[in-house]
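Here are my notes on this one, pockets and sheet together. Have the structure open while you read, and start with the pocket in point 1.

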Amino acid sequence: AALPLGLDLHRLGKVIDWDDIGSAGGWDDETARDWVLRRGNAEIEAHVTDAVVRGGLMTRTDTMSALELQFLLVSFFGAELFTFDHGVGVLPAAMAAKLDVRLNTRVTQVEEHEGGVRVSSIGIGGGEVTEDAEACVIALSGHDMAVVHPGLPAEHREIMRNTAYVALIRISMALDRRPAETSMFLALSERAHPDLCGLFPD
């Protein structure tokens, strides 16, 4: 029953650049749930893809684009995962070591201009500072990004305005013995539990 889904992923892999998901707009025409029901069946949707989407992204298949699920299946589960000997914090620490990192600083505006960007911010002293750079990565939520980026195109601003975020509640419980379960992570479908997305039986 899952063969048609696999065939779709194989075909899409030949025509879509997964490193530029924005270029695949012509394929973004149904929800993940609709795609799985159309090309698979209700059992796969209820027990497999629903669990993958809830456990991996904490969202629902009826609100998620099929293209997003396809990207997840091809780029995440179809690739080798890696980590660092001393934890994932090694990467941001190495990057920060070569940057001018300023804490307690709030960016107020990012303006694009010919040749680069102009970034305004307010630091500990309270005065606003404006600096020019070749490029800028705005690492904020979509809503906050739209506030500091006045040059954001109208269609992108509308997307950010309609972007919904979910709240993640993590509960840790101490156990008197190691669980018999050997899996590192268990993704749960809505049928398994309506409010619980996943378990780390560590």
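1. Start with the second largest pocket: 22 residues line it, and Asp100, Arg102, Val107, Cys136 and Val137 are the ones nearest its centre. The elements giving two or more residues to that lining are β1, β2 and β3. Keep in mind that this is a predicted model.

2. How much space lies in the second largest pocket? About 1,000 Å³. As for chemistry, its lining divides into 15 nonpolar, two polar and five charged residues.

3. Now for the strands behind that lining. They make up an open sheet of three strands, ordered β1-β2-β3 and paired antiparallel. β1 (106–113) and β3 (128–133) are the edge strands, each with a single partner, so one side of each has no neighbour in the sheet. On average, neighbouring strands here are turned by 20° against each other, direction ignored.

4. A quick reminder before the pairings: strands of a sheet pair through backbone hydrogen bonds, in either a parallel or an antiparallel way. In this sheet, β1 and β2 (residues 116–122) pair in the antiparallel sense over seven bridges. If you want a register check, Gln109 has Ser120 as its bridge partner in β2.

5. On the other side of the pairing scheme, β2 and β3 run antiparallel and are joined by six bridges. Here the pair to look up is Val117 with its bridge partner in β3, Ala133. The hairpin of β2 and β3 has five residues between the strands, and Gly126 in that hairpin takes a positive phi near 95°. Worth a glance on your Ramachandran plot.

6. On to the largest pocket, with a volume of about 1,300 Å³. Which residues lie nearest its centre? Phe185, Cys197, Gly198, Leu199 and Phe200, out of a lining of 30 residues. Two elements give two or more residues to this lining, namely α3 (42–57) and β5 (198–199).

7. Which element gives the most to the lining of the largest pocket? That is α3, with four residues. By class, the lining of this pocket comes out at 23 nonpolar, four polar and three charged residues.

8. If you set up grids, here are the two sites again in brief. For the largest pocket, centre your view on the group that includes Phe185 and Phe200; for the second largest, use the group that includes Asp100 and Arg102.

Notes: Residues numbered from 1 in each chain as written. Predicted model: local features only at pLDDT ≥ 70, side-chain atom pairs only at ≥ 80, totals over all residues. Heavy atoms only, no water. Pairing = 2+ DSSP bridges. Axes fitted to C-alpha atoms, helices over the stretch in contact; angles between N-to-C directions. 1 Å grid on protein atoms, 1.4 Å probe; cavity = no way out; pocket = protein on both sides within 12 Å on 5 of 7 lines; lining within 4 Å. Points joined across faces, edges and corners; volume = space filled by probe spheres on them. Nonpolar A, V, L, I, M, F, W, Y, C, P; charged D, E, K, R; others polar.
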